[in-house]
2 protein chains.
Amino acid sequence: MVSLDKTDLKILQVLQAEARITNQDLSERVNLSASSCLQRVRRLEQAGVLMSYHSRINLPLICRHIVCIATVSLKNHSQQDFREFEQLVKSTPEVVECYTVSGEFDFFLKIICPDMNQYLKVNDALVSSANRSITINTHVVMNQNKYFEGLDLGKLTSE
Amino acid sequence: MVSLDKTDLKILQVLQAEARITNQDLSERVNLSASSCLQRVRRLEQAGVLMSYHSRINLPLICRHIVCIATVSLKNHSQQDFREFEQLVKSTPEVVECYTVSGEFDFFLKIICPDMNQYLKVNDALVSSANRSITINTHVVMNQNKYFEGLDLGKLTSE
DNA sequence: CTTGAAAAATTTAAGAA
DNA sequence: TTCTTAAATTTTTCAAG
């Protein structure tokens, strides 16, 4: 567990939502000189706290596509079967996120495809990937009401 | 629908996964001069194609927390009830993503809390927010196997 | 829509507190 | 850890193709 002071948290808070801010502007926001701000950012990167920087793209604006969320249950709960399924997921580019969960399902997948035809192919590949039984339930996303915009690190790290 | 050429797609492809790349490096990657590369990036921002830039933070490294995925079904499917629920979700910081879906559920939520105690509070707030009936099913995330790293825009936009 | 050059701004390393 | 300073680099504008 890396320990961070308030200034580090402020830096992370800003970078979560404005990753392309200049170091100079960032330093003003957190009341630091540009050089010590940069030093902290580099340290956070090296420590693995800042993992990567991404752009959000307005996909509906540039192409037709469908987003689905699929629940997955494996009949056989052996480590081997889990690993194999995870491997398959990792090598399937249409699956953009995958969570292992407790409860009535084993996995949640988020899948993005150009059209339903391609989705069916991905689905088939997941189902018939091996000879083990698997139940996949698909939910087509009709609207995304809330996008991830960064966590409230103050709340999460307080206490 | 905004129409993009191959160079625009390359720019988006790079920025999705390396949002803090310098414009100069980006221009080399896409075989353009720095100035025309910058011009394209600004145009993509103005057109709303590039929406925002985010950092991924290694949360397990800096604090204890739990991630849950919840399925939600409303008993009453009136527009009014949907809107009210969406409003509640938007004003609840622990809910970091929300999808309206077709099928057996109405919404999928991703929720991040410092601990289970706080999760229960959020859950209660969602359930008892109003006098309408709602079914929430919680799945604790045990592992995230695949993170969003950027779409393959070539595949999505081809044809 | 591009390039290339010049000006403005930022990043980054070094030295001192 | 911080800051200041200064050199290196990058961003940004603009004239011209």
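This is a short tour of the interface between chain A and chain B in a predicted model.

**Stop 1: the whole interface.** Start by selecting the residues of each chain that touch the other: you should pick up 72 residues from chain B and 72 residues from chain A. Together the two chains bury about 6,900 Å², and 60% of that area lies on carbon and sulfur atoms.

**Stop 2: three residues of chain B.** Now pick out B:Arg20, B:His54 and B:Lys146. This trio supplies 12% of the area that chain B buries against chain A, more than any other three residues.

**Stop 3: polar links.** Switch on side chains and look across the interface, where 52 residue pairs are in polar contact, both partners at pLDDT 80 or more. Salt bridges between chain B and chain A number two. For one of them, select A:Glu94 and B:Lys155: their closest N and O atoms are 3.9 Å apart.

**Stop 4: the chain B side.** Next, color the side of chain B that touches chain A by residue class, and you will find 41 nonpolar, 18 polar and 13 charged residues. Then highlight strand β5 of chain B, residues 134-146, which gives this side its largest share, nine residues.

**Stop 5: strands across the chains.** Finally, move to the β5 strand of chain A (residues 134-146) and show it with strand β3 of chain B (residues 95-101). These two strands pair in the antiparallel sense over four bridges. To see one position in this pairing, center on A:Lys146, which stands opposite B:Cys98 in β3 of chain B.

Terms used. Residues are numbered from 1 along each chain as its sequence is written. Chains are lettered from A and ligands numbered from 1 in the order in which they are written. This is a predicted model: local features need pLDDT of at least 70, side-chain atom pairs count only at pLDDT 80 or more; totals for chains, interfaces and linings use all residues. Side-chain values use heavy atoms; hydrogens and water are left out. Contact means heavy atoms within 4.5 Å. Buried area is the accessible area (1.4 Å probe) that two parts lose on being put together, summed over both. A salt bridge is a side-chain nitrogen of Lys or Arg within 4 Å of a carboxyl oxygen of Asp or Glu. A polar contact is a pair of N or O atoms within 3.5 Å; within protein, one must be able to donate a hydrogen and the other to accept it, and residues adjacent in sequence count only if both atoms are side-chain atoms. Ala, Val, Leu, Ile, Met, Phe, Trp, Tyr, Cys and Pro count as nonpolar, Asp, Glu, Lys and Arg as charged, and the others, Gly among them, as polar. Two strands pair if DSSP finds at least two bridges between them.
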